[in-house]
Amino acid sequence: MQLTNENYYSKEANEEYLSVSQYKDFMGTYGKRGCEEYALAKIEGTWEENMEDSDALMVGSYVDAHFEGTLDLFKAKHPCMFKKDGGLMAKYLKANEMIQRCERDEVFSHYMSGEKQVIMTADMFGAKWKIKIDSYHPGQCIVDLKTCQSINKVFFHHDIGYMNFLAEWGYYIQGAVYQKVVEINTGKKLPFFIAAVSKEKVPDIQVIAVEQNLLDEALAEVEHNVPMILALKNKAADPTRCECCDYCKQTRVLKAPIWSSDLIGDI
Ligand SMILES: [Zn+2]
């Protein structure tokens, strides 16, 4: 199928194409464990995430919508964010502060001034991929906008050590896939940047260049994992459950009591 802004997130598109967010649902990132059954349920449309449950996600989506130029549509879809006079409710006002912070910076604005929401597809590692670029500067660079808690926040994992928010949330994987899909389409390997804005009391901003070796590493990891994901999507393999995510909690069927010593699990 030919992808457009209208059908990009449709069930048909998600079944036919692999996306970075699907990949992360299956494989997980350091910050969020993967769950195969949940990933498939999302693709099949039997499980929907309710963004409105999280104020932080709503703020992030509002900022995204602003830079996409789709704020009117966003307002129509989420009337719960707005007061009767059309202004944002107090708990979401941070979103406007973040946007203003970004827009008064020349470098940030320049990086975000590319072609917006550019859709590309490519065959890669045996799968059909779809990507949507936040700000594409043809022949120059690929930019993705990210809202985060704090740009300098450090995450610790006892088996790996310290990592930044790009590694924590799988943004190297995203950069690697976007770069490769653009290269397949245009023949040009472009640098990948994250334009980041934080949700802190005083919003912080940076444009972050992603080192090529980190993109290469992430792409090799993607290549390794795609066959399993395709097998799951094609129902040639049985999905496993993480038993931790909201989907698994919602669909858990008890078979027998567990031992109290099972509660701490694999820590
Ligand atoms: Zn799960």
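What is the geometry of the site of the zinc ion, judging by the angles among its 4 donor atoms? In this predicted model, the site is tetrahedral, with angles of 103 to 117°. For comparison, four tetrahedral donors would ideally sit at 109.5 degrees.

So who holds the metal? Four cysteines do the job through their SG atoms: Cys35, Cys242, Cys245 and Cys248, at 2.3 to 2.4 Å. Along the chain, these donors follow the spacing C-x206-C-x2-C-x2-C. Cys242 and Cys248 are both buried.

Now for helix H3, which covers residues 36-44. Its buried residues are Glu36, Tyr38, Ala39, Leu40, Ala41 and Ile43. They have company, too, since they pack against four other helices, listed here:

| Helix packed against by the buried residues of H3 | Residues |
|---|---|
| H1 | 11-16 |
| H2 | 20-27 |
| H10 | 212-233 |
| H11 | 246-251 |

Right after H3 comes Gly45, whose phi is positive, about 80°.

Over to the strands. S1 takes in residues 115-124 and S2 residues 127-137; the two run antiparallel and are joined by 9 bridges. Together they make a hairpin, with 2 residues between the strands. Across that pairing, Met124 faces Ala127 of S2. Which residue in the turn has a positive phi? That's Phe125, at about 55°.

Definitions and conventions. Residues are numbered from 1 along each chain as its sequence is written. This is a predicted model: local features need pLDDT of at least 70, side-chain atom pairs count only at pLDDT 80 or more; totals for chains, interfaces and linings use all residues. Side-chain values use heavy atoms; hydrogens and water are left out. Two strands pair if DSSP finds at least two bridges between them. Helices (H or I, at least four residues) and strands (E, at least two) are DSSP runs, numbered from the N terminus. Buried means under 20% relative accessible area, exposed over 50%, partly exposed in between (1.4 Å probe, protein chains only). Contact means heavy atoms within 4.5 Å. Donors are N, O and S atoms within 2.8 Å of the metal (3.2 Å for Na, K and Ca); water is not among the atoms, so sites may look incomplete. Four donors count as tetrahedral if all angles lie between 85 and 135 degrees; four count as square planar and six as octahedral if opposite donors are over 155 degrees apart and all others between 65 and 115; anything else is irregular.
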